[in-house]
Amino acid sequence: MNATSQQQGQGQQQHPNIEGRHDDDAALSEFLASLMDYTPTIPDELVEHYLAKSGFQCPDVRLVRLVAVATQKFIADVATDALQQCKARQSAVIKDKREKQQKDKRLILTMEDLSRALHEHGVNVKHQEYFADSPSAGLDPVSRDE
């Protein structure tokens with residue numbers, strides 16, 4: 001195969017790639033335009049504050065809202081994982097105490113559940129030794145029995 005036929009072959013391979021890139025650019029532009037009409041759960045002012053605190057300033061509201069949507073997705077994923085951790089932990093406790101299963105069906109999210117969920121997403125949480133992490137911590141003895 002000579003150099004000319006290699007260049008033609010490469011040109012044919014790049015052509016579909018360019019069209020795919022154009023489609024991606026169009027989809028990205030459409031998505032960014034749709035962010036102008038979207039009101040995220042996390043306010044723009046809060047996102048702008050933390051972006052500025054980290055040294056990033058951008059006058060484009062679409063980018064701020066993109067960060068807000070990504071943050072919202074991250075928080076939702078962590079909360080879902082923490083809920084799964086909580087359910088798994090409490091189902092292990094319920095197996096030991098069958099009679100209490102019908103009485104108490106509340107889910108109690110602990111710092112341990114949240115720490116495990118955050119660890120799965122690459123965030124390491126360290127809390128102080130005095131941090132209360134049991135469901136009955138901070139309650140008076142009378143309300144602990146309820």
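A residue counts as exposed when its relative accessible area is over 50%. The views below come from a predicted model.

**View 1. Lys-73 and Asp-77 pair within helix H3.**
Lys-73 has a relative accessible area of 51%, so Lys-73 is exposed. Its salt-bridge partner is Asp-77, and the closest N and O atoms are 2.8 Å apart. Asp-77 is partly exposed, at 27% relative accessibility. The two residues are 4 apart in helix H3, which means about one helical turn separates them. An α-helix has 3.6 residues a turn, so residues three or four places apart point the same way.

**View 2. Arg-65 and Asp-44 join two helices.**
A salt bridge links the side chains of Arg-65 and Asp-44, at 3.1 Å from N to O. Arg-65 belongs to helix H3, while Asp-44 belongs to helix H2 (residues 44-53), so the pair ties together parts 21 residues apart in sequence. Are these two residues buried or exposed? Both Arg-65 and Asp-44 are buried. Side chains of opposite charge can pair when their charged atoms come close. The structure holds 5 salt bridges, including this one.

**View 3. Arg-116 and Glu-112 form a salt bridge in helix H4.**
The closest N and O atoms of Arg-116 and Glu-112 are 2.6 Å apart. Being 4 residues apart in helix H4, Arg-116 and Glu-112 are separated by about one helical turn. Arg-116 is partly exposed, at 42% relative accessibility. Glu-112 is partly exposed too, with a relative accessible area of 33%.

**View 4. Helix H4 has buried residues along its run.**
Helix H4 covers residues 111-120. Which of its residues are buried? They are Met-111, Asp-113, Ser-115, Ala-117 and Leu-118. Gly-122 follows H4. The phi of Gly-122 is positive, near 90°.

**View 5. Thr-80 of helix H3 contacts the backbone of Ala-76.**
Thr-80 sits in helix H3, which spans residues 61-96. A polar atom of the Thr-80 side chain lies 2.9 Å from the backbone oxygen of Ala-76. Thr-80 is partly exposed, with a relative accessibility of 44%.

**View 6. Thr-80 and Ala-117 across the sequence.**
How many residues apart in sequence are Thr-80 and Ala-117? They are 37 residues apart. In space, their C-alpha atoms are 8.4 Å apart. Thr-80 lies in helix H3, whereas Ala-117 is one of the buried residues of helix H4.

Note on methods
Residues numbered from 1 in each chain as written. Predicted model: local features only at pLDDT ≥ 70, side-chain atom pairs only at ≥ 80, totals over all residues. Heavy atoms only, no water. Buried < 20%, exposed > 50% of the residue type's maximum accessible area, 1.4 Å probe, protein only. Polar contact = N/O pair within 3.5 Å; in protein donor to acceptor, adjacent residues only side chain to side chain. Salt bridge = Lys/Arg side-chain N within 4 Å of Asp/Glu carboxyl O.
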